[in-house]
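The following exercises concern packing in a helical protein model. Work through each task with the coordinates at hand before reading its solution.

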Amino acid sequence: MINQQETSPRLTNGIKIYQDINLQIIIGITLMAVLGSSSIGPTLPSLAEDFNVSPQHIGWIITAFVIPIAIGTPISGILADRYGRKQILVPGLLLFAVAGTICALAPNFRTLIEFRFIQGVGAAPLESLALTLISDIYRGKLLTAAMAFNATSIGLSLALYPLISGGLTAWGWRYPFLLPLLAIPLSFLVLFVLRVPQVSPSERFELSNYLGNIWRSINNHQVMGLLMAVVALFILLFGPYFTYIPLLADAELGASHFVIGIILASMALSLAFVSSQLGLFARSLSEVTLIKASFIVYAIALIITPTIHQVWLLFIPSMLFGLAHGMVFPATQALLGELAPQEYRAGFMAVNATVLSLGQALGPILAGGMFTIWGMSGVFYSSSIFALVILIFLSFLLMKQSSLPR
């Protein structure tokens, strides 16, 4: 884990790492990756009303975006290893921006879903290649510090994006879909300013060997358990939390769009705080223990949500979600990063990002099914049972703690 004194080392030219233009551009890429999904929550009630979309179908706004990310992330990882990072990132950023703008102009729900899918194609390489670029450029303590600042930017963006989106939605749900236009100037910075090691095409590159090596690196019960934890935590985050807590707040508690944005932002602030303190927890608790504890906290948050009858009390499950996510996500990523073989780390982490996106895609669909069967309360009660079932599986898959990095 990261010690506080290690978070701001200096580069060879004497500047602190957060002042490095390369890291600032990479963090910009990460912020675009987070923007695509986390800025949408406050728009869902207005969007559903404008297009007359039922609650069980509104989650397709998120699902249509993350499905191509789940499919495209490993492909973009292979292409980036084969042809170079910028050759994949720049077209991705431009497609992300253009498709997002068209979403803002969509005349109907079908068109919106179609261009959200195309926008997801552009977003596919962003998150995994941002992590890959950090690993390309930095080493040792600088690498650790760069990853820490990248994670901090994610936490802050998760807090700010819902607030920005909630404020823009007061003018109309279309305005938050214009935010991806920021990816256009970012793409020029990537092309002309970002300095990364060149990846030269190799005639000896064999896809079958490349994929076989990655498969062998993930084909063990520890890695499978960690990947199960990743997909489960994003099912819970993007299903009952990001999709149905805004709908609950609007339909049953009468919350405004701005209030919904504040509630969602409280989760991100809780996440950021807990993540920043995770090093203290890890001194006495293993990463595996933190992962297991997080699913207990998820279950508690989900159980109490349907019992709430005042909108401001939604801060309680929201901050519990942030507590759980702040424990489980850094812990799983730290263990996966240490288990990844250095020579195939980009492909390995692409698998991790794909599983992450799969959870984002499945969350709204599964929660929508539970809404159809059991109604709003059923979404949260069934999700709490799911969290406890995952906990049981993880207790077996991650049983041999001594074989996991500490």
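**Exercise 1.** Determine which residues Ile29 touches, not counting residues up to four places away in sequence, and state whether Ile29 is buried or exposed.

*Solution.* Step 1: with contact defined as heavy atoms within 4.5 Å, Ile29 touches Leu89, Leu126, Ala130, Leu133, Leu186 and Val190, once residues up to four places away in sequence are set aside. Step 2: Ile29 lies in helix α1, where helices (H or I, at least four residues) and strands (E, at least two) are DSSP runs numbered from the N terminus. Step 3: the relative accessibility of Ile29 is 0%, so it counts as buried; buried means under 20% relative accessible area, exposed over 50%, and partly exposed in between (1.4 Å probe, protein chains only). Step 4: from C-alpha to C-alpha, Ile29 is 9.8 Å from Leu131, although the two are 102 residues apart in sequence.

The model is predicted: local features need pLDDT of at least 70 and side-chain atom pairs count only at pLDDT 80 or more, while totals for chains, interfaces and linings use all residues. Residues are numbered from 1 along each chain as its sequence is written, and side-chain values use heavy atoms, with hydrogens and water left out.

**Exercise 2.** Describe how α1 and α9 pack, and which residues of α9 are buried.

*Solution.* Step 1: the axes of α1 (residues 21-38) and α9 (residues 183-192) come within 10 Å and cross at roughly 145 degrees; axes are lines fitted to C-alpha atoms, for helices over the stretch in contact, and angles run from 0 to 180 degrees between N-to-C directions. Step 2: Ile25, Gly28, Ile29 and Met32 of α1 meet Ala183, Leu186, Leu189 and Val190 of α9. Step 3: by class, this contact of α1 with α9 has seven nonpolar residues, one polar and no charged ones; Ala, Val, Leu, Ile, Met, Phe, Trp, Tyr, Cys and Pro count as nonpolar, Asp, Glu, Lys and Arg as charged, and the others, Gly among them, as polar. Step 4: the buried residues of α9 are Ala183, Leu186, Ser187 and Val190. Seen down the axis of α9, they fall within an arc of 105 degrees (taken from the directions from the helix axis to the C-beta atoms), so they line one face of the helix. Step 5: these buried residues pack against α1 and α5 (85-104).

**Exercise 3.** Give the angle and axis distance for α5 and α7, and list the contact residues.

*Solution.* Step 1: α5 and α7 (residues 126-137) pack at an angle of about 145 degrees, their axes being 11 Å apart. Step 2: α5 contributes Arg85, Ile88, Leu89 and Leu93 to the contact, and α7 contributes Leu126, Leu129, Thr132, Leu133 and Asp136. Step 3: these divide into six nonpolar, one polar and two charged residues.

**Exercise 4.** Identify the residues with the most contacts inside the largest nonpolar core.

*Solution.* Step 1: a nonpolar core is a set of buried Ala, Val, Leu, Ile, Met, Phe, Trp, Tyr and Cys residues joined through side-chain atoms within 4.5 Å. Step 2: the largest has 123 residues, and Leu112 and Phe295 have the most contacts inside it. Step 3: helix α11 (residues 221-251) gives the most to this core, with 20 residues. Step 4: among the residues that Phe295 touches are Ala229, Leu233, Val328 and Leu394.

**Exercise 5.** Characterise the chain as a whole.

*Solution.* Step 1: the protein chain has 16 helices and zero strands. Step 2: of its 406 residues, 56% are buried.
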